[in-house]
Structures are given as structure tokens and as C-alpha cells.
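Here is a walk through one protein chain, from its cysteines to its cores and sheets. Keep the structure open as you read.

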Amino acid sequence: MSSLRLKKLGIDTCHETVAFLARRCPLYRAEEFVALARIEITGGGRRIVATLNIVDDESIMEADELGLSLLAHRHLGLPDGTPVQISQATPPPSLDHVRAKIDGAVLSPEAYRAIAQDLVAHRYSKMEIAAFLIASARFTTAPEVLSLTRAMASVGGKLVWDGDVIVDKHCIGGIPGNRTSMIVVPIVAAHGLKIPKTSSRAITSPAGTADTMEVLARVDVGPDEMREIVAAENGCLVWGGHANLSPADDVLISVERPLAIDTPEQMVASILSKKLAAGSTHLVLDLPVGPTAKLRSRESFVRLRKLFEYIADEVGLNAVVIGTDGSQPVGRGIGPWLEVRDVMQVLDRDPAAPRDLEERALLLAGHVLEFDPALRGGRGIVRARELLESGAAARKMRQLMKAQGPPPKTATLGSLRHDVVAPRDGVVEAVDCLRLARIARLAGAPIDKGAGVDFFKKIGDPVEKGEPLYRIHAAFEADFRFASKFASEGDGVTIAGPI
């Protein structure tokens, strides 16, 4: 069989495995492969499926080479120069289940497991993943959510911990600056409960917990080292990517986020599959509700809470679901460096610490501490406040930072600054969380840790014309222009009062 020489190309194809074939290839006729078709690549005892692109530029690769994107090269795991063969990929058998779902069928647990396995093997194109997500968004039963949760948790890594009570806390997101995990984890770990917190990096938001913690410490920690840290410190704050937890969920997220698909069913399966794979036994869920939050009404909160509780019960997770205020950003900072400032002000008992971030973190930490069988009922939040005010939580955070190691590089606050000011006198009536997050993202967060938005006013605060509402920070001129222009088109703050 004709072989091509493997070549790693420095191309980031954003969560999709892509291969590149020269049009002038003497071994395979490019015309036999329709551009963007799926091909199977085999060699060295390994096999992957990739989307094929045809290359006309002779400077990119030799005629007898097969180029791979960064993701495809990592998944195949073979060195450059390895002989490989290609063939048209046959559709995965589980695609029949996707077609059935499109037709409105209720899928079996076995069908969901087959879909999850093929997702992890990257046998689906983004178009096929989108079809599955859209069909599922139209109609998915609670038993199907349970099947999907179990299927995604079973495919990939699994963390196992000593002890009967392994706690965790999770927020469904959507509220800028809501970095409570970085306060809850050191409080709970200082108390003595095990809280191995694996967090995500941002996909469309200005910062994930992993992005923010990376300002203080290394978060790219493997499972074995993670176990050592938790054994020594009762907790950690690390990126979950190295643990390969529910990787099928990561594949789905890479498509659903750009399409803005965020159904209750998919959200529950996504979160709880990750927690099952992470070895959690007890979980506190934070569900913010507000006009620009993911949940915009009491009815949507109740529906999601009941679905979380049902699935958690069925998979053996002890879950407590808390509704919180999602009407505005939490704390002042939006973006990794600014959020770290807020977190450390709370932990270090700085008088300038944002009170709303502190109180929300104490509320959630209190509920987590209630999982301790030795703690009397109702004492959770009292104990949480004791650990914060005594400095025990701050000491524990610094112990976690030391255990995880220094961050890959030092972050500094973006030096390009623009104040967005009040157009008139009045009182802050509403804040658009989505718009503020978009402005921070345009400013460069989280790629640039020091980019983001420093938010000065809360709902109910009086403002005078020309007074700063928030400050945009950026490090690169293009990002600075994008964010400033977007803010000028709509600052995201509604002011009531004199015109």
C-alpha cells in the first residue's frame, strides 16, 4: 500500500483533527478525495479520523507528505516521517443513532455510549456533531440525560480518591467575575474536607477558573501529581484537561459554544459527567438567575434544579442546588488578573475587598462544609467565616500555590486603559452581564491575563455625568480598539434618573 510521510504542521484547527494532502501528490489523486471529506489515517499501529484539506502551495509540504494539524498530530501520536496510509473514512455506526435522534427517537443507554465513544475517537465531523446537538436540543427526555451523563463519564479518565466524602462546588457560569471557587476551595481544604477542584479554561468567556488560578500557580497538573497535592493539602485548583475527564463533553462543547446551544439537558449531562469522572461524591451547584444570566426566570431555575437533582440522585451524587443573584457581575474584576486581585483581597481581609464576592463565597463554602458529618447542622457558614477571618483560608491558598508550583509566566495588568463614563446623572438600574463579558473578551482576556474590565458601580449606586462606570484594560493596541469601540456602541449599564 502506498505510504505518505507524516509531517506536523503548526496549524491550530480549534478542536478539529485536520489532515493536509498536496494536490500534486504522486501516491494518491487529490481528486479522489473531496475537500473537507473525512479520511482515515493509519500507521505505526495507530489510527485516527480527520477532515481532509487539499494544499496547492508547494512551500507548505512535499508532494509525498501528509500534513497534520496540531490536534491531529497529538491524537495520532507518531513522529514526523512515519509512513502512513489514508483511505476514505466510513461513517461511524453510531451515526445511525444520531439520524434516529433527528427523527425524534428516544435513544437507549447503549446508543449514547456508542455516540460518546465515537466522539472521543474524533469520528464525527463538526457538521455531524452540530446535527446531534440540535436534535437533542429539540427533544431529550430525563432518562436520556441520565444515559448521556453515564456514557460521557465512562469514556475517558477516572479519578479515585480515598475517603467517603469528596466534595466539589460548581457554578453553571454566565456571570462575569464570579470567581468563588478560589475562595471556597481554600476554606474547605483548611477545614479538612477533600476538595480536588478540576476546572476548565474559558472558551467564550473572559476567564475560566483555571485561567484565573494560573495567575497565581501552575494549573497544568497531571493526575498523579494532583493526588499528591490533595493528599498533602486536602485540595487543589487545577486545569482538568490533563485528567482527560469526560472528553466527549469537551468535543460537544467545542461545537455548542460557537452555536450558542446551551440547553438544560446538555448542561446537566456536561457538568455531572465531569463530576462523576473526577470522583466527587458530594456537590454544591451554584445557579445564578438574572435578566442576562443563563437562567432568566424563577421557572427556568426550578426546572434546571429538578433535573440536576434527579440525575445526581440516579448516579449517586449527593447534590445541593443553590439559586444566587445573577443580575450583575460579582466582585469588580472581569479577566484573570483583576479577578485574582479580588480573590486575594477577600482572602487577605483587605478592607477594599468586594463584599458581594466574599458573601457569595461564604454562602457556598458553608453549604459545602455542611457535608461534613462531624459539623452540626447550620454551622457550615459560621465555620466558613471563622476560617476566612482567622487567616486559615489565606494560608491554605498559599500552601496550594506552593504545592502546585509557580505560574508559567508573571502576569501584569494591561497598561492600555479606557474609562467608560456615565452619560448622565442617575442611579445604576441594570447591568448587561453578557455585554460586559464580551467587552472583557475583546480586550484580550483570558489570552492576556492582564486584560479585562474593572467594574466600579453596582446596581443601586448613584452616578454623576462623566463619572467612570468601569475601566477597560488591554495590552495590545488592536484589542484595546476593539473593546473600546464595542463599549462605545453600548456600555451595558442602564442608568435611571434625570435626563
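A residue counts as buried when its relative accessible area is under 20%. The model shown is predicted, and that cut-off will be applied to it several times below.

Start with the cysteines. Cys171 has a relative accessible area of 15%, so Cys171 is buried. Cys433 is buried too, because its relative accessibility is 0%. Are they bonded or apart? A disulfide needs two cysteine sulfur atoms within 2.5 Å. By that rule the count of disulfides is zero. Cys171 is in none, and the nearest cysteine sulfur to it, that of Cys433, is 11 Å away. Seen from the other end, the closest cysteine sulfur to that of Cys433 is in Cys171, and 11 Å is too far for a bond.

Next, the cores. Nonpolar side chains in soluble globular proteins tend to be buried together. The largest nonpolar core here has 47 residues. Which of its members touch the most others? They are Ile187, Met213 and Leu347. Five helices give two or more residues each to this core: α6 (181-191), α12 (336-347), α13 (355-369), α14 (380-389) and α15 (392-404). A second core, separate from that one, has 46 residues. Ile129, Leu133, Met267 and Ala312 are among them.

Leu347 deserves a closer look. Leaving aside residues up to four places away in sequence, Leu347 touches Met182, Ile183 and Pro186. Leu388, Ala393, Ala394 and Met397 are also on its contact list.

Now find Gln266, in helix α10 (residues 264-277). Is Gln266 buried or exposed? Its relative accessibility is 5%, so Gln266 counts as buried. With residues up to four places away in sequence set aside, Gln266 touches Leu133, Leu148, Leu252 and Glu256. Of these, Leu133 belongs to the second core.

Turn to the strands. In a regular strand, side chains alternate between the two faces of the sheet. Strand β8 (residues 195-199) can be read that way, and both of its faces are covered. On one side lie Ile195, Lys197 and Ser199, and on the other Pro196 and Thr198. Five of the five residues in β8 are buried. Its partner is strand β9 (residues 235-239), which runs parallel to β8 and is joined to it by five bridges. One pair to locate is Lys197 with Leu237, its bridge partner in β9.

Other strands pair in the antiparallel sense. Three of them form an open sheet in the order β16-β14-β18. The edges are β16 (462-463) and β18 (493-496), each paired on one side only. Strand β14 (residues 426-431) is joined to β16 by two bridges. Gly426 stands opposite Val463 in β16.

Another open sheet has four strands, in the order β12-β15-β17-β13, again with antiparallel pairing. Its edges are β12 (333-334) and β13 (416-421). Each has a single partner strand, so one side of each is left without a neighbour in the sheet. A helix also packs on this sheet: α16 (residues 433-442) touches β12, β15 and β17. The direction of α16 makes about 130° with that of β15. Within the sheet, strand β15 (residues 452-455) runs antiparallel to strand β17 (residues 468-474), with four bridges between them. To check the register, find Gly452, which stands opposite His473 in β17.

Definitions and conventions:
Residues numbered from 1 in each chain as written. Predicted model: local features only at pLDDT ≥ 70, side-chain atom pairs only at ≥ 80, totals over all residues. Heavy atoms only, no water. Core = buried A, V, L, I, M, F, W, Y, C linked by side-chain atoms within 4.5 Å. Buried < 20%, exposed > 50% of the residue type's maximum accessible area, 1.4 Å probe, protein only. Contact = heavy atoms within 4.5 Å. Pairing = 2+ DSSP bridges. Axes fitted to C-alpha atoms, helices over the stretch in contact; angles between N-to-C directions.
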